[in-house]
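This report looks at the open and enclosed spaces in a single protein model and at the residues that line them.

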Amino acid sequence: MADQTIDNPCPAKLPRLRKTKYSVAEENLIQEEASKYHYILQEKHSNEITNKKKKKIWDEIAVKVNSLGVAFRTGIEIRDKWRNTVSKAKKAFTEQRREVSKTGGGPPPKPIPPQFDFLILRFTN
């Protein structure tokens, strides 16, 4: 049998280095900047020109987020964070609407987290 030596460890076995969590300042900055360009970022067109514009905007937002000095983030990481935040806000809003329409009894519904208020206002308008 061939044993693996320490000199040649399998790269799949190495632990993945994680970045720090997003700070509140980073999340707020991402929300502010994404809301400025939401008309471009939310476009349904996916041709080459539009995709280049979107990538450029996400990279610009990444530069601003990186200027806060918490951790180095790429444009793709910022875009994924934004998509996850929007998804969580939609889920919280849907859950709140579902709880309101119930007949009663039991504990009151959980309130919507305050970091989603801005996004929910955009959904409802």
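In this predicted model, the second largest pocket has a volume of about 300 Å³. Its lining is made up of Arg16, Leu17, Arg18, Lys19, Thr20, Lys21 and Tyr22, together with Arg73, Glu77 and Lys81. Sorted by class, the residues of this lining comprise seven charged, two nonpolar and one polar.

The largest pocket holds about 410 Å³ of space. It is lined by 18 residues, among which Leu41, Lys54, Trp58, Arg79 and Arg83 are the closest to the centre of the pocket. Two helices, helix 3 (48–66) and helix 4 (75–100), each contribute at least two residues to the lining of the largest pocket, and helix 4 provides the largest share of that lining, with seven residues. By class, the lining of the largest pocket divides into eight charged, five polar and five nonpolar residues.

Besides these open pockets, the model contains an enclosed space: a search of the whole structure for cavities of 30 Å³ or more finds one. The volume of this largest cavity is about 40 Å³, and its lining consists of Glu27, Ile30, Gln31, Lys81, Trp82 and Thr85. Helix 1 and helix 4 each supply at least two residues of the cavity lining, which by class is split into two charged, two polar and two nonpolar residues. Lys81 is listed in the lining of the largest cavity and also in that of the second largest pocket.

The three spaces can be set side by side as follows.

| Space | Volume | Classes in the lining |
|---|---|---|
| Largest pocket | about 410 Å³ | five nonpolar, five polar, eight charged |
| Second largest pocket | about 300 Å³ | two nonpolar, one polar, seven charged |
| Largest cavity | about 40 Å³ | two nonpolar, two polar, two charged |

One of the residues lining the cavity, Gln31, can be described further. Gln31 lies in helix 1, which spans residues 24–36. Is Gln31 buried or exposed? Gln31 counts as buried because its relative accessibility is 12%, and the cut-off for that class is under 20%. When residues up to four places away in sequence are left aside, Gln31 touches Trp82, Thr85, Gln115, Phe118 and Leu119. Of these contact partners, Trp82 and Thr85 are also named in the lining of the largest cavity, as is Gln31 itself.

Definitions and conventions:
Residues numbered from 1 in each chain as written. Predicted model: local features only at pLDDT ≥ 70, side-chain atom pairs only at ≥ 80, totals over all residues. Heavy atoms only, no water. 1 Å grid on protein atoms, 1.4 Å probe; cavity = no way out; pocket = protein on both sides within 12 Å on 5 of 7 lines; lining within 4 Å. Points joined across faces, edges and corners; volume = space filled by probe spheres on them. Helix = DSSP H or I, 4+ residues; strand = E, 2+ residues; numbered from the N terminus. Nonpolar A, V, L, I, M, F, W, Y, C, P; charged D, E, K, R; others polar. Buried < 20%, exposed > 50% of the residue type's maximum accessible area, 1.4 Å probe, protein only. Contact = heavy atoms within 4.5 Å.
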